[in-house]
Structures are given as C-alpha cells and as structure tokens.
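Here are two short exercises to work through with the structure open beside you. Try each task yourself before you read its solution.

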Amino acid sequence: MTAGSPGDGMVVDMDCATSRNLQGLEDRVRLTLIAGDPNSVPDNSPTLYRTDRGSWVVQGWVVTDPEALASMKIPDGETCVEIPDRMIPFFTQGQ
C-alpha cells in the first residue's frame, strides 16, 4: 500500500477481505483514502478508507486490553482497533 495525502482521492488495491465476510464478493477490495488523523505526526494514523463495496476500512491503534476484548466477544476472523473521536466527522466525507 502506498501513502497519500488525506482527501486526495488516492485509490489503493488491498486484499483485506476474509472468507468469513466475503459472502459472494471478490476477495479484492478497492480503497479510497478519506482521511488520516490530522493530529498524528508524521504519518496521519489512524486512517479511514472507503471501499468500492459500500463499506469502510479503519486503520487504528490495536486494542490489547484483555477485559475490553473479552467484553466484545470478537469472533474468529474479526479484530478491533481504536480511533479517536476527532476522526468521526471524516466518515461523512466518503459518502
């Protein structure tokens, strides 16, 4: 994956889907960079991407708190990341 400036409409091919969430979709997904965290220097991470299938890919900080993970009951094939509140307004830019 290559870097780009948030909001520049950069499109990235990324193989990120699993057989669990494909349900008839191809395993390739096309990503459009929507925004990187403007308060994160130097790499603007966490980052939000819009997919070509009407969904989002969110890059964020790995959640490692065992209690938090246990309370979410995350099934195999899924994971979670944390993003700051200041990233939420960027979701409206990709629609």
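Buried means under 20% relative accessible area, exposed means over 50%, and partly exposed lies in between. Keep in mind that this is a predicted model.

**Exercise 1**

Find the salt bridge in this structure, and work out whether each partner is buried, partly exposed or exposed.

Solution

Step 1. Begin with the count: the structure holds one salt bridge. Its partners are aspartate 37 and arginine 86, whose side chains meet at 2.8 Å, N to O.

Step 2. Now place the partners. Aspartate 37 sits in the loop between β2 (29–36) and β3, while arginine 86 belongs to the segment after β6 (81–82), so the pair ties together parts that are 49 residues apart in sequence.

Step 3. Apply the cut-offs. Aspartate 37 has a relative accessible area of 0%, so aspartate 37 is buried. Arginine 86 has 39% relative accessibility and therefore counts as partly exposed.

Step 4. Add the general idea: side chains of opposite charge can pair when their charged atoms come close.

**Exercise 2**

Describe the surroundings of threonine 51: where is it placed, and which residues does it touch?

Solution

Step 1. Locate threonine 51 in strand β3, which covers residues 47–51.

Step 2. Check its accessibility: the value is 10%, so threonine 51 counts as buried.

Step 3. Look for polar partners. The side chain of threonine 51 reaches the backbone nitrogen of arginine 53 at 3.1 Å. A polar contact of 2.7 Å also joins the side chains of threonine 51 and serine 55.

Step 4. Leaving out residues up to four places away in sequence, threonine 51 touches Val29, Arg30, Leu31, Trp56 and Val57.

Methods. Residues numbered from 1 in each chain as written. Predicted model: local features only at pLDDT ≥ 70, side-chain atom pairs only at ≥ 80, totals over all residues. Heavy atoms only, no water. Helix = DSSP H or I, 4+ residues; strand = E, 2+ residues; numbered from the N terminus. Buried < 20%, exposed > 50% of the residue type's maximum accessible area, 1.4 Å probe, protein only. Polar contact = N/O pair within 3.5 Å; in protein donor to acceptor, adjacent residues only side chain to side chain. Contact = heavy atoms within 4.5 Å. Salt bridge = Lys/Arg side-chain N within 4 Å of Asp/Glu carboxyl O.
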